[in-house]
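User: Hi! I'm new to reading protein structures, and I'd like to learn how to go through one feature by feature. Could you walk me through this one?

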Amino acid sequence: MNPGVPVNEAPLVSKPCRALVAGVCMLGGMLYAASLPPWNWGFTILASLWPLFFVARRYPWRFRLLCGWLWGCAWAVFAFQFLREIFWLLPYLMMPVIAVWGGVYTLALGWFSRKLDRLPAPWREVLFTLTAAALFTVLEWTRSRLFVWNDFSVTMWRYPLAMRIAALTGRYGVTFLLAVGGAGLYALGRKKAGLPAAAVALALWLAALGYGGAKLSAPKTFRDPVTFRAALLQGDLPQMRRATLTEVNRAIAVYAELARRMLAERPDAVFFPECAVPVPLRGASYAAEAYRRSLSPLLGTPLLIGTLDFAPDGSGGMTNGALLIDREGRVAGKYDKFHRVPFGEYVPFREYLPEALIRVFDMGRDLVAGTDLHPLEVVPGVRVGCAICYEGVFSYVAAGFARNHANVLAALSNDVWYPASSEPEQHLANAVMRCVETGLPMIRCGNNGGSGVVTPEGRFTRYVGTPAPRPELLREAAAGVVEVTLERFPEPTGFVRFGDWFVHLCLLFLALEALRLAVRRP
């Protein structure tokens, strides 16, 4: 823009134009959702932030806030459609709350943009590109404190080359890479002034892809390797929130039969999914006794069983976790789920919510949270960091297991709450980054699909069930043995060593940039 040349901005402020801009922002949010399962449009995510960049640079704060919020609404309502299988209004109730961070993004980015307008064109565009990416990364990190599901980095779950940088930076390095790539492409629309910004974004991408390519192409060597063969049981049983005795007996029979079938394969251990049988294994009921009797023929093989259990504090509360049963049938270890599902396993702020709302979600009790992230040594030399269902998508959980010397991750899950939607595929997509971040393979054992191995490169392989082009979508009763080669004492990745250092770097950059711009004279 040349100083002193009058510019007609009337088209930007007309009501039809503003309505069109707001609609395009919603399309950007939909594009973000479309980059996730079940559509998996992948790299189209680079264009999803463009409407927000445009709004932040052109419009006053109230309209920026509205457009960012609408962008977030469109993303949330489409990305969380699977929640309708629990309660049809749930995605629409969550939408306005989760979308707030989209409005905060355009609001804050607009402030930076106006301050940066004082700078010469090339530097202005470069700093806008880096600021837009750093700000988006930090806000994604803050959103994950509320609800981490389907963050920006998940869109790369089928692209190991683009994910590989997460071994150094965690998931938020991938988020930054995508945001800076989108901002760099947007800068090309600024013509000559935007070329340096696009060049900086391209250089960052080439560096990240070069690092990923070098790591993926390097021959895989194991120091002091351990080979582990796990039998995975997938019963494909319906949701049994309030199971009858008939349903419990059926679950016992299904899993006992699958386990007996696998013994002929001589596995090192047998994995059961989360709450495979809907009674506590160590309970005092007739059904719990029948469950224990059904496991007697399996003595001689270690069992890792997802089950409800009693809280260790003696309060009488229940936990959701995993029991390790040794070859003699004794409980050799226990892990209690550390990160519970809000409204699924406990009701936050129960005392302040109306009873009618609580009845929609309440399962009759608040499960007690675990106290630490300790691995279970299933067999000598194999230390399993055993995440229970939802907590397998949290970086800090997987990294915590790795810091406590786990050399393989496991995810015992039960996605049968979502029998027809894309939630099981989204669950897998949200979990593969944990393997890249920690450098550890993951053994997934689910009740109704997604049972198999995720490699440290983030590839889903060696799955259980009928061969298919999209094995993550299979929902059938199946069992099989998967083999994993582990390092007895793996070298920790940069992310395991230093945690969210990359987010802290983005925070530092934004703080210094905000301070510089705030005190700089016009």
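Analyst: Sure, we'll go through sheets, empty spaces and cysteines in turn. Keep in mind that this is a predicted model.

User: Let's start with sheets. In what order do the strands of the open sheet that ends in strand 12 run?

Analyst: To read a sheet, you list its strands in the order they sit side by side. Here six strands line up as 5-4-3-2-1-12, and the pairing is mixed. Strand 5 (331–336) and strand 12 are the edges, each pairing on one side only. From one strand to the next, the twist averages 35 degrees.

User: How do strand 1 and strand 2 run, parallel or antiparallel?

Analyst: They're parallel: strand 1 (residues 225–234) and strand 2 (residues 269–271) are joined by three bridges. One example to look for is Ala 230, whose bridge partner in strand 2 is Ala 269.

User: And which strands make up the open sheet that has strand 6 at an edge?

Analyst: That one has six strands too, in the order 6-7-8-9-10-11, again with mixed pairing. Its edge strands are strand 6 (376–379) and strand 11 (460–461). Inside the order, strand 9 (residues 442–446) pairs with strand 10 in the antiparallel sense, over three bridges. Try finding Met 442: its bridge partner in strand 10 is Val 454.

User: Now the empty spaces. How do people find them, and how many cavities of 30 Å³ or more are there?

Analyst: The general idea is that rolling a probe the size of a water molecule over the atoms shows where empty space is left. In this model, the search turns up one cavity of 30 Å³ or more. The largest cavity holds about 50 Å³ of space.

User: Which elements line the largest cavity?

Analyst: Strand 7 (382–388), helix 15 (395–403) and strand 8 (408–413) each give at least two residues to the lining. Helix 15 has the largest share, with three residues. Met 442, which we met in strand 9, is part of the lining as well, and so are Phe 401 and Arg 434, among others. By class, the lining has seven nonpolar, two polar and one charged residues.

User: What about pockets? How much space lies in the second largest pocket?

Analyst: About 860 Å³. It is lined by 34 residues, and those closest to its centre are Arg 164, Lys 220, Gly 439, Pro 456 and Glu 457. Helix 9 (166–169), helix 11 (195–217), strand 10 (452–454) and strand 12 (478–487) each supply at least two lining residues. Strand 12, an edge strand of its sheet, gives the largest share, five residues. The classes are 16 nonpolar, eight polar and ten charged.

User: Last topic: cysteines. How many disulfides does the whole structure have?

Analyst: A disulfide is a covalent bond between the sulfur atoms of two cysteines. Here the search finds zero. Take Cys 73: its nearest cysteine sulfur, in Cys 67, is 12 Å away.

User: Why is Cys 386 not bonded to Cys 445?

Analyst: Because the two sulfur atoms are 9.4 Å apart, which is too far for a bond. A disulfide would need them within 2.5 Å.

User: Are Cys 73 and Cys 386 buried or exposed?

Analyst: Cys 73 counts as buried because its relative accessibility is 6%. Cys 386 counts as buried too, at 0%. For contrast, look at Glu 247 in helix 12 (residues 245–263): Glu 247 is partly exposed, with a relative accessible area of 30%.

How values were computed. Residues numbered from 1 in each chain as written. Predicted model: local features only at pLDDT ≥ 70, side-chain atom pairs only at ≥ 80, totals over all residues. Heavy atoms only, no water. 1 Å grid on protein atoms, 1.4 Å probe; cavity = no way out; pocket = protein on both sides within 12 Å on 5 of 7 lines; lining within 4 Å. Points joined across faces, edges and corners; volume = space filled by probe spheres on them. Helix = DSSP H or I, 4+ residues; strand = E, 2+ residues; numbered from the N terminus. Nonpolar A, V, L, I, M, F, W, Y, C, P; charged D, E, K, R; others polar. Buried < 20%, exposed > 50% of the residue type's maximum accessible area, 1.4 Å probe, protein only. Pairing = 2+ DSSP bridges. Axes fitted to C-alpha atoms, helices over the stretch in contact; angles between N-to-C directions.
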